[in-house]
Amino acid sequence: MRQSTLFTKTKKEAPKDEVSKNAQLLIRGGFIYKEMAGVYTLLPLGLRVADKITDIIKKEMNSIGGVEMKTSALQSKEVWEKTNRWDDAVVDNWFKTTLKNGTEVGLSFTNEEAYSHILKDFVSSYKDLPLYLYDFKTIFRNEVRSKSGIMRGREFYWKALYSFSKNKEEHDAFYEKIKDVYMRIYDTVGLGAYTYITFASGGTFAKYSHEFQTISDAGEDTIYIDEVKKIAINEEVFNDEVLVDLGVTKDSLVQKKAIEVGNIFSLGSKFSEPFELTYKDNQGEEQLVYMGSYGIGITRLIGTIVETLSDEKGIVWPESVAPFTVQLIGLGDSLEKEANALYEKLTGLGIEVLFDDRIHASAGEKFADADLLGMSHRVVVSPRSLASGGFEYKKRTEQEGRIITESELLEILHVR
RNA sequence: CGGGAUGUAGUGUAACGGCUAACAUUCCUGUUUUGGGAACAGGCGACUCCGGGUUCGAAUCCCGGCAUCCCGACCA
């Protein structure tokens, strides 16, 4: 994409009402736009990051048998009444609205009810199970207090997968598998080194649920980490019994603030029972479906990456989630000739390039913007670089660039 | 929902109860520049959040509302 066609502009200063690092940098870079407290629009650059993360998650979900669908944003009161979660006294942060005919509906809050209700129509035999269904969708929560920029909004984008298994054994096997898949996702988006699988309260059908917590001072949660075993315990379940369960001692634990970037639950028959979601086993006996839920907040993940990996100059995206692979800067007389030619070439090879082709922007401004926007690879084409024999190449994480040839660049970008 | 703070050009700041609300940046014009948010000159841009009140006079003081942020509570 040519930067001259990108309508967003970078800002030198963040709005004063944004205190959190993630919102400051994302707004300064033109990734997001604040509509109101806790509600942000994804601008073109922000959407590209969200799409990258979505694709990574999608690939992983599909690898373990996940099937994607899209549940509706408007949710039925009758369906929610089956689990007694429609009442504001039970769930107090609903967004609700009313149809012209007076019917009350809710704005998608979570998906257990929706899936259970839908599957009642399709599942009847053990041959229909297991099923692993997932959504990417916008979720609405009427939080009394949104906070921390994009990290805790009233409207956010997430992936939720629900598993429907024949029994606990089948469920447990999948549950263990998804733990690995989740950790792989955090690895891929660059948070692996900072993210711990964390024991949290389990609810009715399991002693524990598991959260994925990324170490950050911006986090809302407090966890206790065992660095050696690579596990953590959420403060909310931190007691002697848990320590014994997990075979850890207080001395081996470090207390840290962390951001919850995902969580997985064993639901058992908590939802299948009220919805009478059952199947006939091979003996012809009626059995309840055994469920689990698995969520990752995509917008929160974007915020976490910015909180965790940025530096004083701006954002440092891991290549896997960067809106573009290459930030190409053209300077002086080279802009419309050699730089443009390189842009055409790389784009033709399928490489995603953000080409700073702005004629009136100074070199310093382009460098500062490149640092702020955070693309992993920066390539400068200028009379100076050409005189030295090629292009100047620098990773976002490096201080000094070096001159390389076009074929060396293609090597770095894994094309030949 | 309790407590605290703040609302002034797009953004960041300034202005004793008193002159045409100032400066920087963004943006526009021109000239000169072209490797770290360049320089000079000129210009556009504000019902000072909204509504009342006090006063000869309000961005400034008072009351109400709204909005935003922070702490706490809450968070399938």
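Two strands are taken to pair if DSSP finds at least two bridges between them. With that in hand, colour this predicted model by confidence before selecting anything: chain A averages a pLDDT of 95, and 100% of the residues score at least 70. For the complex, the predictor gives an ipTM of 0.93 together with a pTM of 0.96.

**Stop 1: strands β7, β8 and β16**

Select residues 131–140, which make up strand β7, and look for β8 beside them: the two pair in the antiparallel sense over 10 bridges. If you show side chains here, you will find Lys137 standing opposite Trp158 in β8. Now add residues 290–297, strand β16, with which β8 also pairs in the antiparallel sense, over 8 bridges; in this pairing Leu161 stands opposite Tyr294 of β16. Of the 11 residues of β8, 10 are buried, so the rest of the structure largely encloses this strand.

**Stop 2: helix α5**

Next select residues 168–188, helix α5, and place a distance between its end C-alpha atoms: they are 30 Å apart, which agrees with the 30 Å that 21 residues should span at 1.5 Å a residue. Which residues of α5 are buried? They are His171, Phe174, Ile178, Tyr182, Ile185 and Tyr186. Turn the view to look down the axis of α5, and these buried residues fall within an arc of 115 degrees, so they line one face of the helix. In general, an α-helix has 3.6 residues a turn, so residues three or four places apart point the same way. On the face of α5 turned away from its buried side, select the exposed residues Glu169, Ala173, Glu176 and Asp180.

To see what covers the buried residues of α5, display α2 (44–63), β8 (155–165), β9 (195–201), β10 (208–215), β13 (253–268) and β16 (290–297), which are included in that cover. Just after α5, pick Gly190, whose phi is positive, at about 90 degrees.

**Stop 3: the sheet of β4, β6 and β5**

Move on to an open sheet of 3 strands, which are ordered β4-β6-β5 and paired in the antiparallel sense. Select β4 (74–76) and β5 (96–98), which stand at the edges with a single partner strand each, so that one side of each is left without a neighbour in the sheet. From one strand to the next, the twist averages 45 degrees. With residues 104–107 highlighted as β6, follow its antiparallel pairing with β5 over 3 bridges, where Thr97 stands opposite Val105 of β6.

**Stop 4: the sheet of β17 to β21 and its helices**

Finally, bring up the open sheet in which 5 strands follow the order β18-β17-β19-β20-β21, with mixed pairing. Its edges are β18 (353–356) and β21 (402–404); each has a single partner strand, so one side of each lacks a neighbour in the sheet. Neighbouring strands of this sheet are turned against each other by 30 degrees on average, direction ignored.

Within the sheet, select residues 377–381 and 391–395, strands β19 and β20, which pair in the antiparallel sense over 4 bridges; here the bridge partner of Val380 is Glu392 in β20. Then add helix α8 (residues 335–348), which packs on the sheet and touches β17 (326–330), β18 and β19, its direction making about 160 degrees with that of β17. End the tour on helix α9 (residues 363–373), which lies across β17, β18 and β19 and runs at about 175 degrees to β17.

Notes
Residues are numbered from 1 along each chain as its sequence is written. Chains are lettered from A and ligands numbered from 1 in the order in which they are written. This is a predicted model: local features need pLDDT of at least 70, side-chain atom pairs count only at pLDDT 80 or more; totals for chains, interfaces and linings use all residues. pLDDT is the predictor's confidence in each residue, from 0 to 100. Axes are lines fitted to C-alpha atoms, for helices over the stretch in contact, and angles run from 0 to 180 degrees between N-to-C directions. Two residues are in contact if their C-beta atoms, placed from the backbone, lie within 7 Å. The expected span of a helix is 1.5 Å times one less than its number of residues. A residue is buried if 20 or more other C-beta atoms lie within 10 Å of its own, exposed if 12 or fewer, and partly exposed in between; C-beta atoms are placed from the backbone. The arc is that of the directions from the helix axis to the C-beta atoms.
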